[in-house]
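Visitor: I'm new to this structure and would love a close look at just one part of it. Please choose a spot, walk me through it slowly, and show me how it sits in the whole.

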Amino acid sequence: GVAAFRPTSTMFPSRGNVATFPGQEGVIGVAGPLAGNVSDLCYFHRRVLTSPLGIAVSGDGNVHQNRHHTVEPPTPTATYRFAFVLDDGLVGVSPANRRAVLETVEALRAAGHICTELPNGLPHIERATELFYKIVAADGGSKM
């Protein structure tokens with residue numbers, strides 16, 4: 001299997017990473033690890049954030065000085081709540097994606113979790129999309 005972690009943009013050093021196009025810093029990219037399992041992700045996280053040579057000498061001035069803290073894994077018998085969207089009201093979903101979401105929801109429900117569909121899509125999706133395009137096109141496309 002594959003496990004991934006998408007950190008915030010200032011959690012791990014990403015010196016040398018650049019935006020796809022100059023001027024696109026309004027949408028900040030992040031560097032996050034991929035691993036074979038969650039335990040390896042935890043190991044990576046712990047090593048990077050506790051290493052005496054880690055962030056301090058990475059030269060990445062944008063990284064906050066995070067502190068690693070241990071979190072107990074969830075209780076296997078705990079019940080969690082998930083919300084899901086099959087149609088965001090803006091872009092149609094492919095049959096494969098719809099099937100993947102529904103299979104995931106079925107597996108979560110079978111494990112005793114509560115899954116609720118957001119039937120009206122995502123709130124304010126049109127406005128969010130408009131703002132996104134304004135951010136990525138703020139320079140009028142002069143750098144593309």
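**A walk to helix α3**

Guide: Let's begin with the whole chain: among contacts between residues at least 6 apart in sequence, 69% join residues at least 24 apart. Please keep in mind that what you see is a predicted model. The protein has 144 residues, and 17% of them count as buried. Its accessible surface comes to about 10,800 Å², with 58% of that belonging to carbon and sulfur atoms.

Now for the layout. You can find 3 helices and 4 strands here, and following the sequence gives the pattern β-β-α-β-α-β-α. The part I'd like to show you is helix α3, which covers residues 125-136.

On the way there, pause at the stretch from β3 to β4. Strand β3 (residues 81-84) and strand β4 (residues 114-117) run parallel and are joined by 4 bridges. To trace the pairing by eye, look for Phe82, which stands opposite Cys115, and for Arg81, whose bridge partner in β4 is Ile114. Add helix α2 (residues 95-110) to these two strands and you have a right-handed β-α-β unit.

Here we are at helix α3. The structure holds 2 salt bridges. Let's take them one at a time, starting with Arg127 and Glu130. Their closest N and O atoms are 3.2 Å apart, and the two residues form a salt bridge. Both lie in helix α3, 3 residues apart, which is about one turn of the helix.

Next comes Lys134, whose side chain meets that of Glu130 in a salt bridge, at 3.1 Å from N to O. Lys134 and Glu130 are 4 residues apart in helix α3, so about one helical turn separates them. Put the pieces together, and Arg127, Glu130 and Lys134 are linked in a network of salt bridges.

How open to the outside are the first two residues we met? Arg127 has a relative accessible area of 43%, so this residue counts as partly exposed. Glu130 is also in the partly exposed class, because its relative accessibility is 35%.

Helix α3 has another side to its story, and Tyr133 is a good place to pick it up. Tyr133 belongs to helix α3, and at 51% relative accessibility this residue counts as exposed, since the limit for exposed is over 50%. Together with Val27, Phe132 and Ile135, Tyr133 forms a nonpolar patch on the surface, and the four residues share about 380 Å² of accessible area.

For a contrast, look over at helix α1 (residues 38-50), where you will find Val48. Val48 counts as buried because its relative accessibility is 19%, and the buried class is under 20%. Val48 and Phe12 are 36 residues apart along the chain, yet their C-alpha atoms are separated by 7.6 Å.

To gather up what we saw in helix α3: a network of salt bridges links Arg127, Glu130 and Lys134, while Tyr133 takes part in a nonpolar surface patch.

Key: Residues numbered from 1 in each chain as written. Predicted model: local features only at pLDDT ≥ 70, side-chain atom pairs only at ≥ 80, totals over all residues. Heavy atoms only, no water. Pairing = 2+ DSSP bridges. Right-handed = clockwise from strand over helix to strand, strands pointing away. Buried < 20%, exposed > 50% of the residue type's maximum accessible area, 1.4 Å probe, protein only. Contact = heavy atoms within 4.5 Å. Areas by Shrake-Rupley, 256 points an atom, 1.4 Å probe, with all protein chains shown as cover. Patch = residues over 30% accessible without salt bridge, like charges linked within 9 Å, V, L, I, M, F, W, Y side chains within 5 Å.
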